[in-house]
Amino acid sequence: VLQRNVAVSDIRIGLGGNAPESIERFSVDNFSTLSVNQIVRGDVWVLPCLNLYALVGETRSKGDLVATVSEFPFQSSPPIDIPIQIKLDGLTYGGGGTVGIGTKKVFASLDVNYTRTDFNQLSSELFALVIAPRVGAIVDRPWYKGEFHVGAMYQDTKQTVDVILDQPILGEIRVEVDQFEPDPWNFLVGTLWAIDERLHAVVELGMGGRSYVISAVTVRF
């Protein structure tokens with residue numbers, strides 16, 4: 001479950017079936033979106049220090065923004081507010097790898113993955129690059145076996161939202177909004193509980209540039 005801040009780099013508007021064109025005079029306050037990801041991941045340790053994986057799942061995202069456009073379609077036109085509701089659902093797939101080093105007491109790892117999400121309401125896709133370095137301490141106690149870690153996450157996502165709106169003044173208009181994340185880094189803290197050698201549970205919290213909760217169960221064969 002992820003809540004992230006979103007900024008807008010460009011807005012394009014088309015009237016009467018015409019192709020959307022960039023609007024220079026617009027303002028959009030930064031807004032946030034809420035996403036829920038349900039992912040299945042398969043992985044294999046190809047080296048003692050290298051794990052490769054593929055993933056597939058579903059992403060649902062929603063948010064609301066209001067774009068204020070001035071001098072459109074004419075220079076004498078008054079400013080208009082264009083409300084845009086974002087509610088998306090799509091297939092996410094991709095892959096990545098993790099490299100790690102450590103001793104019996106501490107470890108360090110670097111995870112990199114690249115995913116694509118095909119939203120059924122959009123003509124474009126969402127591509128995401130995620131880089132996450134982590135360091136942690138290994139715990140081997142009768143009451144808890146596993147690890148605790150801290151780190152950071154970098155996420156680069158760029159997306160174009162394409163919607164059709166019915167405005168009282170302008171009629172039906174097509175709006176394209178280019179989005180990006182203004183704060184790509186966040187701090188993270190988490191833990192892995194080794195229930196036994198084959199069954200692990202993970203919980204991780206992110207804060208800062210974005211807020212999220214990751215929960216996962218891993219079964220090893």
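Begin by selecting Asp10, Arg12, Arg174, Glu176 and Asp178, which are linked in a network of salt bridges, a salt bridge being a side-chain nitrogen of Lys or Arg within 4 Å of a carboxyl oxygen of Asp or Glu. The model on screen is predicted, so local features need pLDDT of at least 70 and side-chain atom pairs count only at pLDDT 80 or more, whereas totals for chains, interfaces and linings use all residues. Residues are numbered from 1 along each chain as its sequence is written, and side-chain values use heavy atoms, with hydrogens and water left out.

**The salt-bridge network**

Within this network, zoom to Arg12 and display its side chain together with that of Asp10, since the two meet in a salt bridge with an N to O distance of 3.0 Å. Then add Glu176, whose side chain forms a salt bridge with that of Arg12 at 2.8 Å, N to O. Glu176 lies in strand 10 (residues 171-180) and Arg12 in strand 1 (residues 2-15), so this pair ties together parts that are 164 residues apart in sequence; strands here are DSSP runs of E with at least two residues, helices are runs of H or I with at least four, and both are numbered from the N terminus. Are Asp10 and Arg12 buried or exposed? Both are buried, a label that means under 20% relative accessible area, with exposed meaning over 50% and partly exposed lying in between (1.4 Å probe, protein chains only). Arg12 has a relative accessibility of 16%, and Glu176 is buried as well, with a relative accessible area of 14%.

**Elsewhere in strand 10**

Staying in strand 10, select Gln179, which is buried with a relative accessible area of 6%. Leaving aside neighbours within four places in sequence, Gln179 is in contact with Val6, Ala7, Phe31, Leu65, Ile86, Thr157, Lys158, Gln159 and Val161, where contact means heavy atoms within 4.5 Å.

**Asp111 in strand 7**

Move next to Asp111, which is placed in strand 7 (residues 106-119). Which side chain of opposite charge is nearest to Asp111? That side chain is Arg41, 4.6 Å away, and Asp111 is buried yet has no salt bridge; for charge, Lys and Arg count as positive and Asp and Glu as negative, while His and the chain ends are not counted. The side chain of Asp111 does make a polar contact with the side chain of Thr98, at 2.5 Å. A polar contact is a pair of N or O atoms within 3.5 Å; within protein, one must be able to donate a hydrogen and the other to accept it, and residues adjacent in sequence count only if both atoms are side-chain atoms. To see the surroundings, show Tyr53, Gly97, Thr98, Val130, Ile131, Ala132 and Arg134, which Asp111 touches when residues up to four places away in sequence are not counted.

Another salt bridge to display joins Arg116 and Asp118, with the closest N and O atoms 2.8 Å apart. Arg116 counts as partly exposed at 28% relative accessibility, and Asp118 is likewise partly exposed at 26%. The structure holds 11 salt bridges.

**Thr68 and Leu192**

Now select Thr68, in strand 5 (residues 50-69), which is partly exposed at 24% relative accessibility. Not counting residues up to four places away in sequence, Thr68 touches Arg25, Phe26, Ser27, Pro79, Ile80 and Asp81. Drawing a distance from Thr68 to Gly97 joins C-alpha atoms that are separated by 42 Å, the two residues being 29 residues apart along the chain.

Leu192, the next stop, is found in strand 11 (residues 185-194). Leu192 and Val203 are 11 residues apart in sequence and 6.7 Å apart in space, C-alpha to C-alpha. Apart from neighbours within four places in sequence, Leu192 is in contact with Tyr144, Lys145, Gly146, Glu147, His200, Ala201 and Val202.

**The whole chain**

Finally, zoom out to the protein chain, which has 0 helices and 13 strands. Its radius of gyration is 22 Å, well over the 17 Å that the globule rule gives for 221 residues, so the chain is more spread out than a compact globule; the radius is taken over C-alpha atoms, and the rule is 2.2 Å times the number of residues to the power 0.38. Along the principal axes, the C-alpha trace spans about 75 × 30 × 25 Å. Of the 221 residues, 39% count as buried, and residues 24 or more positions apart account for 56% of the contacts with a separation of 6 or more.
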